Amino acid sequence: MNLRQANSADIPAIVALINQAFRVERFLFDGDRIDEPQVRALFDVGKFLLVEMEGRLAGVVYVELRGKGGYLGLLSVDPSHQRGGIGGELMNAAEEFFRANGCSRVDLQLVSLRTELPPYYRKFGFVECGIAPFPSEVKAKQPCHFILMSKSLEQ
């Protein structure tokens, strides 16, 4: 397992992996989760951390510094490698990244209808801290909102 920071040459593979991992949301959204221009735009404000196995992308997470806090998103693991610890490796790497950059907390947001996700993030010490409206420009098939979660990185 190789963990590294992504570069622009990784964009097509990042897009493909995120879209593959987020297919479980097709009950809620039509089409792909993300495209190359969106990933390029995220590179302008944050970074992607990758896990490679046997020379292929197996997992990715987006990390962004926001003042004294960090934002984590788009945690994606190739479905053929899920439940193998890659998500945990990426979560640990993200926390190390945030600590190394002086962050005192890390935040994330989840779509409310993905009920399996809050318990997953609670295992890593995240707690629910609020809700936020879902963007009106994104057409969801069902009413939903974001669940906001946060974790303190102070020891």
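This report walks through the fold, the charged pairs, the cysteines and a few individual residues of one protein chain.

## The overall fold

Please keep in mind that the model is predicted. The protein chain holds 4 helices and 7 strands. Read from the N terminus, these elements follow the order β-α-α-β-β-β-α-β-α-β-β. The radius of gyration of the protein chain is 15 Å, close to the 15 Å that the globule rule gives for 155 residues, so the chain is as compact as a globular protein of that length. Along the principal axes, the C-alpha atoms of the chain fill a box of roughly 40 × 35 × 30 Å.

How much of the protein chain is buried? Buried residues make up 45% of the 155 residues. Turning to the outside, the protein chain exposes about 8500 Å², and carbon and sulfur atoms supply 50% of that area. Contacts tell another part of the story. Among contacts in the chain with a separation of 6 or more, 64% are between residues 24 or more positions apart.

## Charged pairs

Side chains of opposite charge can pair when their charged atoms come close. How many salt bridges does a search of the whole structure find? The search finds 9 salt bridges. The table sets out three of these pairs, with the distance between nitrogen and oxygen.

| Salt bridge | N to O distance |
|---|---|
| Arg4 and Glu52 | 3.0 Å |
| Glu64 and Arg66 | 2.9 Å |
| Glu128 and Arg122 | 2.6 Å |

Let us begin with the pair in the top row, in which Arg4 forms a salt bridge with Glu52. Arg4 lies in strand 1 (residues 2-5) and Glu52 in strand 2 (residues 47-53), so the pair ties together parts that are 48 residues apart in sequence. Are the two partners buried or exposed to some degree? Arg4 has 25% relative accessibility and counts as partly exposed, whereas Glu52, at 18%, counts as buried. Asp10 joins the picture here too, as Arg4, Asp10 and Glu52 are linked in a network of salt bridges.

The side chains of Glu64 and Arg66 also meet in a salt bridge. Glu64 counts as buried because its relative accessibility is 14%, which is under 20%. Its partner Arg66 is partly exposed, with a relative accessible area of 45%.

In the pair of Glu128 and Arg122, Glu128 is partly exposed at 38% relative accessibility. Arg122 is partly exposed as well, with a relative accessible area of 40%.

## The cysteines

Which disulfides might a reader look for? A search of the whole structure finds 0 disulfides. Why does Cys103 form no bond with Cys129? The sulfur of Cys103 is 15 Å from that of Cys129, the closest cysteine sulfur, so the two are too far apart for a bond. Seen from the other side, Cys129 is in no disulfide, and its nearest cysteine sulfur is that of Cys103. As for their surroundings, Cys103 is buried, with a relative accessible area of 6%, while Cys129 is exposed, with a relative accessible area of 52%.

## Helix 3 and what follows

Helix 3 covers residues 86-100. At 1.5 Å a residue, its 15 residues should span 21 Å, and its end C-alpha atoms are 21 Å apart, so the two values agree. The buried residues of helix 3 include Ile86, Leu90, Met91, Phe97 and Phe98. Just after this helix, Gly102 takes a positive phi of about 75 degrees.

Glu95 is also found in helix 3. This residue is buried, with a relative accessible area of 8%. What does Glu95 touch, not counting residues up to four places away in sequence? Its contacts are Phe124, Lys151 and Leu153.

## A buried loop residue

The last stop is Ser112, found in the loop between strand 5 (105-111) and helix 4 (117-122). Is Ser112 buried or exposed? Ser112 is buried, with a relative accessible area of 13%. Leaving out residues up to four places away in sequence, Ser112 touches Cys144, His145 and Ile147.

Notes:
Residues numbered from 1 in each chain as written. Predicted model: local features only at pLDDT ≥ 70, side-chain atom pairs only at ≥ 80, totals over all residues. Heavy atoms only, no water. Salt bridge = Lys/Arg side-chain N within 4 Å of Asp/Glu carboxyl O. Helix = DSSP H or I, 4+ residues; strand = E, 2+ residues; numbered from the N terminus. Buried < 20%, exposed > 50% of the residue type's maximum accessible area, 1.4 Å probe, protein only. Disulfide = S-S within 2.5 Å. Rg over C-alpha atoms; globule rule 2.2 N^0.38 Å. Contact = heavy atoms within 4.5 Å. Areas by Shrake-Rupley, 256 points an atom, 1.4 Å probe, with all protein chains shown as cover. Expected span 1.5 Å × (residues − 1).
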